[in-house]
Amino acid sequence: MWFRRIKVTPGEILDSRITEVPPRLKVQVFNPGERLVSVVVMDSDVPNVETDSFDRRCHYLSANIPISPNEQSLPLGKANKETQLAVPWLPAFSQKGAPYHRLSVFILEQKAGETLDINKLRELYSARDGFSLKSYRDKFSLTPVGFNIFRTIWDEGTAGVMERAGMPGADVEFKNKRVYSMKPEKKARGWEAKRQKPKYKSLWKYSKRIHGISNRRR
């Protein structure tokens with residue numbers, strides 16, 4: 001997989017400005033003859049604040065793409081808009097404070113001699129959110145034949161990429177929720193417990209130096 005002229009190592013974290021344009025894939029075919037494939041790019045780590053979990057989003061979907069031993073290059077940006085492109089490329093992005101997002105690239109072989117209805121694919125998946133690869137595969141009897149993955153995080157170019165793509169949320173920052181310990185507070189023992197009585201009040205100031213003792217226990 002290449003973005004612009006940069007070859008991507010599987011799982012590599014890429015600058016959001018590099019992934020603003022669709023990648024080019026290289027597909028090695030070993031069996032003779034031409035076949036048609038679908039290409040799906042999916043984000044598996046879309047934060048869902050309401051459910052405190054993660055959803056999936058379709059970043060790209062094309063179908064009826066021919067590949068063969070002699071046609072190994074697959075530039076996603078050159079898919080025919082009338083007969084191949086169902087969901088156009090949406091740049092990869094991760095909002096500030098969120099963990100990295102995994103963008104998975106799937107190549108699925110279609111049934112021999114069968115083309116998919118692009119208008120139907122647009123109707124089903126143009127909303128992008130909540131995309132299910134399993135449902136897409138089962139609905140059109142597709143066979144996975146290729147896979148790649150890259151990652152994205154919030155960087156200095158993400159806000160501009162989101163603005164140019166018309167994606168809201170660049171001003172949103174996610175923060176980790178504080179988790180309080182469920183363990184009961186330990187009771188003082190030995191020297192500490194004995195000198196918690198009022199007559200030892202003059203010594204309490206020295207207890208700050210003792211590990212495990214704090215003023216809130218007084």
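In the counts below, Ala, Val, Leu, Ile, Met, Phe, Trp, Tyr, Cys and Pro are called nonpolar, Asp, Glu, Lys and Arg are called charged, and the others, Gly among them, are called polar. With that in hand, welcome to this predicted model. Its second largest pocket has a lining of 12 nonpolar, four polar and four charged residues. Let's walk through the strands, the pockets and the cores.

**How strand β10 pairs**

- Strand β10 covers residues 143-152 and pairs with strand β3, residues 13-14, in the parallel sense over two bridges.
- One place to look for this pairing is L14, whose bridge partner in β10 is T152.
- Strand β9, residues 101-109, also pairs with β10, here in the antiparallel sense and over nine bridges.
- To find that pairing on screen, try V105, which has N148 of β10 as its bridge partner.

**The largest pocket**

- The largest pocket holds about 340 Å³ of space.
- Its lining is made up of 13 residues, and P47, D52, F54, F174 and K175 are the ones nearest the centre.
- Strands β5 (35-48) and β6 (53-67) each give at least two residues to this lining.
- By type, the lining of the largest pocket has six nonpolar, four polar and three charged residues.

**The second largest pocket**

- About 290 Å³ of space lies in the second largest pocket.
- Here 20 residues form the lining, with V27, Q28, I107, V145 and G146 nearest the centre.
- Four strands appear in this lining with at least two residues each: β4 (24-26), β5, β9 and β10.
- Which strand supplies the largest share of the lining of the second largest pocket? That is β10, with four residues.

**The nonpolar cores**

- A helpful background idea is that nonpolar side chains tend to be buried together in soluble globular proteins.
- In this model, the largest nonpolar core has 23 residues, and L25, Y60, L74 and F150 have the most contacts inside it.
- Strands β5, β6 and β9 each supply at least two residues of this core.
- A second, separate core has 18 residues, including L61, A63, L116 and F140.
- What does L74 touch, leaving out residues up to four places away in sequence? L74 is in contact with P23, R24, L25, V27, V37, V39, I65 and I67.
- L25 is thus worth a second look: L25 is one of the residues with the most contacts inside the largest core, and L25 is also touched by L74.

Terms used. Residues are numbered from 1 along each chain as its sequence is written. This is a predicted model: local features need pLDDT of at least 70, side-chain atom pairs count only at pLDDT 80 or more; totals for chains, interfaces and linings use all residues. Side-chain values use heavy atoms; hydrogens and water are left out. Two strands pair if DSSP finds at least two bridges between them. On a 1 Å grid over the protein atoms alone, a cavity is a set of points where a 1.4 Å probe fits but cannot get out, and a pocket is an open set with protein on both sides within 12 Å along at least five of seven lines; lining residues have an atom within 4 Å of a point. Grid points are joined across faces, edges and corners, and a volume is the space filled by probe spheres set on the points. A nonpolar core is a set of buried Ala, Val, Leu, Ile, Met, Phe, Trp, Tyr and Cys residues joined through side-chain atoms within 4.5 Å. Buried means under 20% relative accessible area, exposed over 50%, partly exposed in between (1.4 Å probe, protein chains only). Contact means heavy atoms within 4.5 Å.
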